[in-house]
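Hi,

Here is the structure I promised to pass on to you. Please open it alongside this email, and the notes below should make sense as you go.

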Amino acid sequence: MSKMDVGTAGREDLSLGREIAERINALAAISEDPANITRIFLTSEHRAAADLILGWMRQAGMAAHIDAIGNVCGRYEGERPGLPALMLGSHYDTVRDAGRWDGPLGVITAISCVADLHRRGLRLPFAIEVVGFADEEGVRFASTLLGSRAVAGTFDEAVLGVRDMTGVSLGEAITAFGLDPDHIGKAARVRGELLAYIELHIEQGPVLEQEDLAVGVVTAIAGATRLAARLTGMAGHAGTVPMRLRRDALSGAAECIGVIEEFCRTDQAGLVGTVGYIHALPGATNVIPGQVSFTIDMRAPTDMHRRRAVTDVARQIEAIAKRRDLALQIDVTHENRTAPCAPWLKAQIADAIAAEGFRVFELPSGAGHDGMAMIDIADVGMIFVRCRGGISHHPDEHVELADADAGARVLLRLIENFRPQAGGK
Ligand SMILES: [Zn+2]
């Protein structure tokens, strides 16, 4: 509660935080299963959530509509109509059995900030747009950032043919939702229309809590490389093959996993590596494993750092395979480049944080966000808000009222003091 003695005059009542928490709960009540929170792209829950958010946008003085991919878009004009916009946003879809803050916090906070300007009759020398992206998590069609890619103009039409678990294609789902897949191109914005894209989001990690801080400045959205590795040795009888004659693929994989962990653990610059899946064949108690598949997920704050680390780890795995006489196949299955936050936006976010009386602290985002798509058409900035225990993608995900309020005050301060980049594009 060290933040109670500071902040914007007249806001000690946490009124912004209170409104945000109420709306977070209202949105959380829209779920395909009343026992948990599950809000999936292009479902009736998506529709109900969109309608609720559109209503809040209109109450806040914005013109609001749903675009061709199901994003909700609100616009608050500046001193005169048609000015370039500062875009604020996040997503309102969820994973299955989700928490209530991941995504909606950024959308709802942005709307509350605009509502505050609207109540005061304040118009700025630029427009403000708020976007609630319809699909960030990628649960239904196994393809993330569909909403923000449509806005960035990088939506891949081939994804329209991808089918969900029940056999419905994305194109069919868009049509059934009442939208036209042929119009997705119309959701795209162009660089000159936007002054910047700013997203406020829960941290989804424990760092701010450890620093005893409500908010932080994000330096970059870390890129990720995912690898699939397969080691092939020789299956055999667990009783008859002497240890020195074995080519045990699972023991080899275990050594690899240890090396990956050790390599990342000794890195001082934010490298993280995870083996999240492993499968051994034939998978019997009394058989030496002949073949093992496992995945590796590696992330770092810069692309150069991550790529070098991936190369080093792959080399060590090759050496282990060779020494153990195992055949190795290793493939890159996914690669996301790092989205660095723009220095001029980081500076303005830091100023807003300091002005609200908090210590300025920078941290990278290990998780992916819509900014990874938006960076193609706008400079990106992100504000992180502390979440309890660093827990997310889980029903226990929680943000304290005072922290939600702090995030809103920082965002509001940022908006009011926002200066477009000198000579901006
Ligand atoms: Zn999120």
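Below is what I found, grouped by topic.

Before anything else, please keep in mind that this is a predicted model.

**Salt bridges around R189**

The structure holds 28 salt bridges, and I would start with the pair formed by E129 and R189. Their side chains meet in a salt bridge at 2.6 Å, N to O. E129 is in strand β4, while R189 is in the loop between α5 and β5 (194–202), so this pair ties together parts that are 60 residues apart in sequence. If you want to find the strand quickly, β4 covers residues 127–133. The contact between the side chains of E129 and R189 also appears as a polar contact, again at 2.6 Å.

How buried or exposed are the two partners? E129 has a relative accessible area of 5%, so it is buried. R189, with 21%, is therefore partly exposed; the cut-off for buried is under 20%.

R189 has another partner in E193, and the side chains of these two residues meet in a salt bridge at 2.6 Å, N to O. E193 counts as partly exposed because its relative accessibility is 31%. Which residues make up the network around here? R75, E77, E129, R189 and E193 are linked by salt bridges. As for the general idea, side chains of opposite charge can pair when their charged atoms come close.

**A salt bridge within a helix**

D405 and R409 form a salt bridge too, with their closest N and O atoms 2.9 Å apart. Both residues belong to helix α11 (residues 401–417), where they sit four residues apart, about one turn of the helix. D405 has a relative accessibility of 1%, so it counts as buried. R409 is buried as well, with a relative accessible area of 5%.

**A negative patch on the surface**

For a view of charge on the surface, please look at D156, E157, D180 and D182, which gather in a patch of negative charge. One of them, E157, is found in the loop between α4 (146–152) and α5 (170–176).

**Backbone details**

Where is the cis peptide bond? It joins L281 and P282, and omega is about 0°. P282 is in the loop between β10 (278–281) and β11 (287–288).

There are also two residues whose phi values you may like to check, D97 and H393. Phi of D97 is near 55°, a positive value in a residue other than glycine. D97 sits in the loop between β3 (85–91) and α3 (104–119), and its relative accessible area of 35% makes it partly exposed. H393 is not a glycine either, yet it has a positive phi of about 55°. You will find H393 in the loop between β16 (380–385) and α11, and with a relative accessible area of 39% it is partly exposed.

**The end of a helix and a partner in space**

Finally, please have a look at Q59, which lies in helix α2 (residues 44–59). Q59 counts as exposed because its relative accessibility is 57%. Although Q59 and A115 are 56 residues apart in sequence, they are 7.3 Å apart in space, C-alpha to C-alpha.

Happy browsing, and do write back with any questions.

Best wishes

How values were computed
Residues are numbered from 1 along each chain as its sequence is written. This is a predicted model: local features need pLDDT of at least 70, side-chain atom pairs count only at pLDDT 80 or more; totals for chains, interfaces and linings use all residues. Side-chain values use heavy atoms; hydrogens and water are left out. Patches are made of residues with over 30% relative accessible area and no salt bridge: like charges are joined within 9 Å, nonpolar side chains (Val, Leu, Ile, Met, Phe, Trp, Tyr) within 5 Å. Accessible areas come from the Shrake-Rupley method with a 1.4 Å probe; for residues, only the protein chains shown count as cover. A salt bridge is a side-chain nitrogen of Lys or Arg within 4 Å of a carboxyl oxygen of Asp or Glu. Lys and Arg count as positive and Asp and Glu as negative; His and the chain ends are not counted. The place of a charge is taken as NZ of Lys, CZ of Arg, CG of Asp or CD of Glu. Helices (H or I, at least four residues) and strands (E, at least two) are DSSP runs, numbered from the N terminus. A polar contact is a pair of N or O atoms within 3.5 Å; within protein, one must be able to donate a hydrogen and the other to accept it, and residues adjacent in sequence count only if both atoms are side-chain atoms. Buried means under 20% relative accessible area, exposed over 50%, partly exposed in between (1.4 Å probe, protein chains only).
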